[in-house]
Amino acid sequence: MVVFEKPHALCDVPLHYCPGCTHGIVHRLVAEAIDELGIEGSAIGVAPVGCAVMAYDYFNCDMVEAAHGRAPAVATGIKRAKPENIVFTYQGDGDLASIGMAETVHAATRNENITIIFINNAIYGMTGGQMAPTSLPGQVTQTSPYGRDVKTAGFPIKVSELLASLDGPSYIQRVAVNNVKNVKQAKKAIKKAFENQIEGKGFSLIEVVSSCPTNWGMTPQQALDWVEEKMIPYYPLGVYKDKTSEEGE
């Protein structure tokens, strides 16, 4: 009896991510959702600039590389040109919440029928650990060696709460992948986001609170503990908007 196997939608190649990085977990969850929904042949992914810049090497579906932060705009163009396809972006916090914030907000407010997987690890991973829009108050990074000072750097951007305040989006949920329970919840959320697109319900974004052991200067286990103790209290998990549930009520 097969208890566990690699999803077909996930390529059988080594990942380039650092030891303990949770990008690999989220990749697997996205691939499992694609497998279970039978959409591998119609899915088109949009890779970001950041740690997941080479996501096109890891998914067994058509992939497009977008300029830094422009993945939602590229996904919008693809979906409008090919509405029969299932289009998703996979983006980090620097790509989505910094240089790409305008594209994210406007795709959401138009309720574009796309799916966004947003990785929030509170730091710029690929470029060496600089402060990100999501870095916590007081968090030490390469560009905030004394901790993020909200008086000069402002407060972290809570993307799920921000987008949920718009009238457009269909589904916004924040999940985490720091333990088995949260991984299972993340899988359900990602699959639902794809289902919403299949059913034509509009814009879905799943924010995944993730770890970055290398740039946090922690062991993988310490990083997972930090997610639980520091990140989740600041970025509470849960559904922030679900028009489908509201309509059901």
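A residue is called buried here when its relative accessible area is under 20%, exposed when it is over 50%, and partly exposed in between (1.4 Å probe, protein chains only). By that measure Phe194 is buried, since its relative accessible area is 0%. The model is predicted, so local features need pLDDT of at least 70 and side-chain atom pairs count only at pLDDT 80 or more, while totals for chains, interfaces and linings use all residues. Residues are numbered from 1 along each chain as its sequence is written, and side-chain values use heavy atoms, with hydrogens and water left out.

**Aromatic pairs**

Rings of Phe, Tyr and Trp (its six-membered ring) pair if their centres lie within 6.5 Å; planes under 30 degrees apart count as stacked, over 60 as edge-to-face and the rest as tilted. Five aromatic pairs satisfy this rule. One of them joins Phe88 and Phe194 edge-to-face, with 5.6 Å between centres and 75 degrees between the planes. This pair links distant parts of the chain, as Phe88 is in strand β3 (residues 86–92) and Phe194 in helix α7 (residues 180–198), 106 residues apart. Helices (H or I, at least four residues) and strands (E, at least two) are DSSP runs, numbered from the N terminus. Phe88 is also buried, because its relative accessibility is 0%. Together with Phe59, Phe88 and Phe194 form one aromatic cluster.

**Buried acidic residues**

Glu207 is in strand β6 (residues 204–209) and is buried at 0% relative accessibility. Asp242 is in strand β7 (residues 238–242) and is buried, with a relative accessible area of 7%. Their side chains make polar contacts, that is, pairs of N or O atoms within 3.5 Å; within protein, one must be able to donate a hydrogen and the other to accept it, and residues adjacent in sequence count only if both atoms are side-chain atoms.

| Side chain | Partner side chain | Distance |
|---|---|---|
| Glu207 | Ser160 | 2.6 Å |
| Glu207 | Arg174 | 3.1 Å |
| Asp242 | Lys192 | 2.4 Å |

Contact means heavy atoms within 4.5 Å. Not counting residues up to four places away in sequence, Asp242 touches Ser170, Tyr171 and Lys192. With the same kind of neighbours left aside, the contacts of Glu207 include Phe118, Asn120, Gln173 and Tyr235.

**Charges over rings**

A charge sits over a ring if NZ of Lys or CZ of Arg is within 6 Å of the ring centre and within 35 degrees of the ring normal. Lys192 lies over the face of Tyr171, 4.8 Å from the ring centre. The charged end of Lys158 sits over the ring of Tyr234, at 4.4 Å from its centre.

**Helix α2 and its surroundings**

Helix α2 (residues 71–81) packs with helix α4 (residues 101–109) at an angle of about 40 degrees, with the axes 7 Å apart. Pro72, Ala73 and Thr76 in α2 meet Glu103, Thr104 and Ala107 in α4. The buried residues of α2 are Ala71, Pro72, Ala75, Thr76, Ile78 and Lys79. Elements covering these buried residues include β1 (43–47), β2 (62–65), β3, α4, β4 (115–120) and α7.

**Positive phi in loops**

Asn111 lies in the loop between α4 and β4; the phi of Asn111, a residue other than glycine, is positive, near 55 degrees. Asn111 is partly exposed, with a relative accessible area of 24%. Ala122, in the loop between β4 and α5 (150–153), has a positive phi of about 65 degrees although it is not a glycine. Ala122 counts as buried because its relative accessibility is 0%.

Key. Axes fitted to C-alpha atoms, helices over the stretch in contact; angles between N-to-C directions.
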